[in-house]
Amino acid sequence: FALSLASPALAAGDAATGEAEFKKCKACHAIIKDDGTEIMKGGKTGPNLFGVVGRAAAATDFNYGDGIKAAAAAGLVWDEASIVAYLADPTAFIQEKTGDAAAKSKMAFKLAKGGEDIVAYLASVAAQ
């Protein structure tokens, strides 16, 4: 029981399905541990997604857009629900979080379904 309290809760989606779905994301994003171990090789157009679940928005060394920076200033912390909502419509999510109808996200890709699985995958690799 004590061990279960010490380990992070994993997302409700399916991590194996999320790993396959992440192929859509890796054109822009990689997953690289803090020690440099590559979990998923990918592009550098978007930030490294290792440890994103539970992390404050715009908290890593990356050239974030003004929309994410504004959401971060408003206190956005990436939890499972916020990541799924962001994936479904990044710009609408940023506008909602910032209260600014003109705010935009640099991420143009929308993922209508499967976000829960991707979040489960991201949570699972961070727990390794």
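Which residues touch the most other members of the largest nonpolar core? I went through the predicted model with that in mind.

**Entry 1: the core**

I looked up the largest nonpolar core and got 26 residues, with F22, I31 and W78 touching the most other members. Next I checked which elements feed this core: α3 (66-73), α4, α5 and α6 (115-126) each give two or more residues. The largest share comes from α6, with 5 residues. As background, nonpolar side chains in soluble globular proteins tend to be buried together.

**Entry 2: W78**

I picked W78 from that trio and listed its contacts, skipping neighbours within four places in sequence. The list has a run of V52, V53, G54, R55, A56 and A57, and then I68, I83, Y86 and F93.

**Entry 3: A57**

A57 was on the W78 list, so I followed it up, since its relative accessible area of 6% puts A57 under the 20% cut-off for buried. A57 sits in the loop between β2 (38-40) and α3. Beyond four places in sequence, A57 contacts I68, A72, L76, V77 and W78. I68 therefore turns up on both lists, that of A57 and that of W78. I also took the C-alpha to C-alpha distance from A57 to I31: 16 Å, for 26 residues of sequence separation.

**Entry 4: aromatic pairs**

How many aromatic pairs does a search of the whole structure find? I got 5. I took F62 and Y64 to start with: their ring centres are 5.1 Å apart and the planes are at 70°, so I logged the pair as edge-to-face. F62 is partly exposed at 25% relative accessible area, while Y64 is buried at 11%.

Then I went back to W78, which pairs with Y86. That pair is edge-to-face too, with 5.2 Å centre to centre and 65° between the planes. Both W78 and Y86 are buried. Ring pairs also bring in F93, giving a cluster of W78, Y86 and F93.

**Entry 5: α4 against α5**

Y86 and F93 took me to the helices. How do α4 and α5 lie relative to each other? Helix α4 (residues 80-88) and helix α5 (residues 90-98) pack at about 125°, and their axes are 5 Å apart. The two helices are therefore oblique to each other. On the α4 side, the contact uses S82, A85, Y86, L87 and A88; on the α5 side, P90, F93 and I94. By type, I noted 7 nonpolar residues, 1 polar and no charged in this contact. Y86 and F93 are thus part of the helix contact as well as of the ring cluster.

Note on methods: Residues are numbered from 1 along each chain as its sequence is written. This is a predicted model: local features need pLDDT of at least 70, side-chain atom pairs count only at pLDDT 80 or more; totals for chains, interfaces and linings use all residues. Side-chain values use heavy atoms; hydrogens and water are left out. Axes are lines fitted to C-alpha atoms, for helices over the stretch in contact, and angles run from 0 to 180 degrees between N-to-C directions. Helices (H or I, at least four residues) and strands (E, at least two) are DSSP runs, numbered from the N terminus. Angles under 35 degrees count as roughly parallel, over 145 as roughly antiparallel, 65 to 115 as roughly perpendicular and the rest as oblique. Contact means heavy atoms within 4.5 Å. Ala, Val, Leu, Ile, Met, Phe, Trp, Tyr, Cys and Pro count as nonpolar, Asp, Glu, Lys and Arg as charged, and the others, Gly among them, as polar. A nonpolar core is a set of buried Ala, Val, Leu, Ile, Met, Phe, Trp, Tyr and Cys residues joined through side-chain atoms within 4.5 Å. Buried means under 20% relative accessible area, exposed over 50%, partly exposed in between (1.4 Å probe, protein chains only). Rings of Phe, Tyr and Trp (its six-membered ring) pair if their centres lie within 6.5 Å; planes under 30 degrees apart count as stacked, over 60 as edge-to-face and the rest as tilted.
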